[in-house]
Amino acid sequence: SGCGCCPARKLGSVRGAWLWVGMSSNAAPVSPAGSRPADATAAVLDTMFGGETAGAPEPAPLPPATTPGREEEDAVSSDEEARADSVYGEDGKKRRTSRIGLRWSGSPTATSAESIRLKRIMLGLVALALCPALAIGISTAAGYIVFNWNEVGIAFAYVIISEVIRRIIWRLLRNLYCRRVLGLTSDEILDINGPRRHLSKAWLSDLLADSRRRRNIKICDVLFRKGGHVVPLISAVLIGDMITDDIGCLLFANTLGCLLITTIMALAIWNFRDPKDRPKWRYLSLFWGATDRIRDGRYAQQNSMLGNISLVWGVTIAYFIARAVLPDEDDSEKLWAFALSVVLLPLTFGDALGEVIGTPFGRHRFKVRGLGEINQKSLEGCVAVFLGSLVPLLIIAGTMADSEVLNGTWALICVTAVLTTLTETLAFRSTDNMVIPLCNAALFVVWWKIGGVLQDPHNGDTPWLIRPRPPPYPPSMAPLPPPPSPPPLAPP
């Protein structure tokens, strides 16, 4: 400062230059000792003193320019910068803040985005479960389908009670398997039974790190998931006949049961997603039974719910296709019984056998699309799906009378097995329960239209071909019925 003509002021300028060098952000970097490099200091002094620095006393280096509480000030400034970043975007424009605390910067915060995504998934699953029940209800209100509502109520009660009992039993059996065979602790079992969304991405890989445990987990998924998949389908066919002979009545009861159970599951996931609610999942997990695979990782519960909903969707659409094309159920009971076998048996045994064989014994694996952390199938599983679809249908056709089975029936069975293998392999995982019955029903009605399926006694009279055939003569040339025979003469 000043004119710089006196030594004191020059010395003050020197000290000011040192402070300026130490504090300026555009100068050279500060050395660990707190001083500047010699060349930078000399350049500053030459500029101030006109190059006359040779005889000037060299000042002692000053300590780093720090003040008491500087660390706290740096922390405060960092917080202020973070808040500024949260208010202002990269383009310098101020962001909008909603009333509920969500930041509208093109995407919410991570926690808020996860909650919004979970809420949308749950609402979407409930809406998907509602559609089949709503479609059948509208058809009933329009008079297209007529039900005996007493039978519907009994079938609905059977579906709910049997599903609750089945899921509790399979869940307890899987917990016992995890404890005794896998050697898991109670906390590890609770992680498996819970929502799993809070678990890290490495949770599943760490759980499957041991080869022996990995093999036993594959067996666990096959045994308890597919065991719980086959049992209800078989019981629905066997016990359903005791409740009612109307296929539509059983289907409506199952759609209502799926809607109720899906709604309960969605409410449980949404209302008890907080980590403090983790102990409650010891009991809430009973609603899933053992349908949530361990190897599906953090998406197991959503995968299980989607699988149940897709099954109801597939069977409902297949029922509407058959009702629109096939004769009335009361007039052709054997045709509808065979159609039900073609639609459900490949799904029941083919799909299940594919996982039973492919998961533990498959060696030639390939990736597929699906909802889960491990989405793979194998060629061995595809062969098992084909055999599991072919053999039960051959048994059903072989137990029929020879006069009822046509040559086209055997061809239909082989084509159905091939179609089931393709749809099970190519479908998005957990949607094969919808694609398999839907495609099989479409194949059945097309086959019936173009070639006939089987020959069936109609109303106890002479055999007739299910496919309608034209009469051998025009209606105008039809022979007249014989005249009635005269009444017998009365005895004299």
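## One glutamate, two arginines

Let's start with a pairing: the side chains of Glu163 and Arg167 form a salt bridge, with 3.0 Å from N to O. Keep in mind that this is a predicted model. The two residues sit four places apart in helix α5, so about one helical turn separates them. Both Glu163 and Arg167 are buried.

Glu163 has another partner too. Its side chain also meets that of Arg166 in a salt bridge, this time at 2.7 Å from N to O. Helix α5 covers residues 149–180, and because Glu163 and Arg166 are three residues apart in it, they too are about one helical turn from each other. Arg166 is buried, just like Glu163.

## A bridge between distant parts

In total, the structure has ten salt bridges. What makes such pairs possible? Side chains of opposite charge can pair when their charged atoms come close.

Another of these bridges links Arg293 and Glu355, whose side chains meet at 3.1 Å from N to O. Arg293 is in the loop between α10 (281–284) and α11 (300–325), while Glu355 belongs to helix α12 (residues 333–361), so this pair ties together parts that lie 62 residues apart in sequence. Arg293 and Glu355 are both buried. Elsewhere on the salt-bridge list, Arg171, Arg174, Arg196 and Asp292 are joined into one network by bridges that share partners.

## The nonpolar cores

Now for the greasy side of things. In soluble globular proteins, nonpolar side chains tend to be buried together. Here, the largest nonpolar core has 30 residues, and the ones touching the most other members are Phe147, Leu326, Phe338, Leu412, Phe444 and Val453. Which elements give two or more residues to this core? They are α9 (247–271), α11, α12, α13 (379–398), α14 (407–426) and α15 (432–450). Helix α12 supplies the largest share, with six residues.

Leu326 is a handy place to look around. Setting aside its neighbours within four places in sequence, Leu326 is in contact with Leu335, Trp336 and Ala339, and also with Phe444, Val445 and Trp448. There is another core as well, lying apart from the largest one: it has 19 residues, including Met122, Ala129, Leu190 and Trp281.

## Where to look

If you're exploring the model, helix α12 is worth a visit: Glu355, the partner of Arg293, lies in it, and it gives six residues to the largest core. For the paired charges of helix α5, pick Glu163, which bridges to Arg166 and to Arg167.

Notes. Residues are numbered from 1 along each chain as its sequence is written. This is a predicted model: local features need pLDDT of at least 70, side-chain atom pairs count only at pLDDT 80 or more; totals for chains, interfaces and linings use all residues. Side-chain values use heavy atoms; hydrogens and water are left out. A salt bridge is a side-chain nitrogen of Lys or Arg within 4 Å of a carboxyl oxygen of Asp or Glu. Buried means under 20% relative accessible area, exposed over 50%, partly exposed in between (1.4 Å probe, protein chains only). A nonpolar core is a set of buried Ala, Val, Leu, Ile, Met, Phe, Trp, Tyr and Cys residues joined through side-chain atoms within 4.5 Å. Contact means heavy atoms within 4.5 Å.
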